[in-house]
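Reader: I'm new to this structure and would love a close look at one part of it. Please walk me through the charged side chains: which of them pair up, and what surrounds them?

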Amino acid sequence: MSTQTGFRVSPQQELAWARAGRDGEGWSVRLVSMPTRVDLERLRSALRPLVAAHEILRTRLALSEAGQLMQVIEEKPAVEVQLSALTDPFDPFRLIDLIH
């Protein structure tokens with residue numbers, strides 16, 4: 001994956017990174033409720049141009065070679081979609097299992 005130059009992070013981002021115990025790269029995970037039947041390829045096809053059009057959706061946190069936390073904008077990001085059934089969408093432990 002190619003990347004552009006990194007940008008400084010805010011003090012709030014540094015604090016969130018430290019509290020999360022990160023030591024490498026940071027990616028965002030989003031859980032959304034979907035209808036029972038989902039056409040995964042159609043969903044991916046819809047997400048790819050959306051992500052390509054908005055830098056904020058291609059931005060991640062990473063440590064520079066000097067160990068400084070930076071915001072990095074991916075030029076060609078990977079859009080990954082995974083489906084998982086939640087029997088109880090309000091079970092926080094099940095959501096944590098899906099994220100990790």
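Author: Let's begin with R48, which is partly exposed in this predicted model, because its relative accessible area is 39%. Its salt-bridge partner is E41, with the closest N and O atoms 3.4 Å apart. E41 is partly exposed too, since its relative accessibility comes to 42%.

E41 has another partner. A salt bridge also joins E41 to R44, and here the closest N and O atoms are 3.9 Å apart. You can find both E41 and R44 in helix α2, which covers residues 40-53. They sit 3 residues apart, about one turn of the helix. Some background helps here: an α-helix has 3.6 residues a turn, so residues three or four places apart point the same way.

While you are looking at α2, trace the helix from end to end. Its 14 residues reach 20 Å from the first C-alpha to the last, which is close to the 20 Å expected at 1.5 Å a residue. E41 also has a neighbor at the start of α2: a side-chain oxygen of D39 comes to within 3.3 Å of the backbone nitrogen of E41.

How many salt bridges does a search of the whole structure find? The count is 3. Besides the two pairs that involve E41, there is one between E74 and R60, whose closest N and O atoms are 2.4 Å apart. This pair links distant parts of the chain, 14 residues apart. R60 belongs to strand β3 (residues 59-63), while E74 is in the loop between β4 (69-73) and α3 (92-99). Both E74 and R60 are buried. For E74 the reason is a relative accessibility of 1%, so E74 counts as buried. Back at the helix, E41, R44 and R48 are joined into one network by salt bridges that share partners.

Now turn to R58, in the loop between α2 and β3. Is R58 buried or exposed? R58 is buried, because its relative accessible area is 10%, and under 20% counts as buried. Yet R58 has no salt bridge. Why not? Side chains of opposite charge can pair when their charged atoms come close. For R58, the nearest side chain of opposite charge is E55, 4.6 Å away, and a salt bridge needs the atoms within 4 Å.

What does the side chain of R58 reach instead? One answer is the backbone oxygen of E74, at 2.9 Å. Another is the backbone oxygen of A52, which lies 3.4 Å from a polar atom of the R58 side chain. Leaving aside residues up to four places away in sequence, R58 touches V51, A52, V72, I73, E74, E75 and P77. A78 gives a further sense of how the chain folds back here: R58 and A78 are 20 residues apart in sequence, while their C-alpha atoms are 9.0 Å apart in space.

So E74 is a good residue to keep in view, because E74 is buried at 1% relative accessibility. Its side chain makes a polar contact with the side chain of R60, and its backbone oxygen is reached by the side chain of R58.

Key: Residues are numbered from 1 along each chain as its sequence is written. This is a predicted model: local features need pLDDT of at least 70, side-chain atom pairs count only at pLDDT 80 or more; totals for chains, interfaces and linings use all residues. Side-chain values use heavy atoms; hydrogens and water are left out. Helices (H or I, at least four residues) and strands (E, at least two) are DSSP runs, numbered from the N terminus. Buried means under 20% relative accessible area, exposed over 50%, partly exposed in between (1.4 Å probe, protein chains only). A polar contact is a pair of N or O atoms within 3.5 Å; within protein, one must be able to donate a hydrogen and the other to accept it, and residues adjacent in sequence count only if both atoms are side-chain atoms. The expected span of a helix is 1.5 Å times one less than its number of residues. Lys and Arg count as positive and Asp and Glu as negative; His and the chain ends are not counted. Contact means heavy atoms within 4.5 Å.
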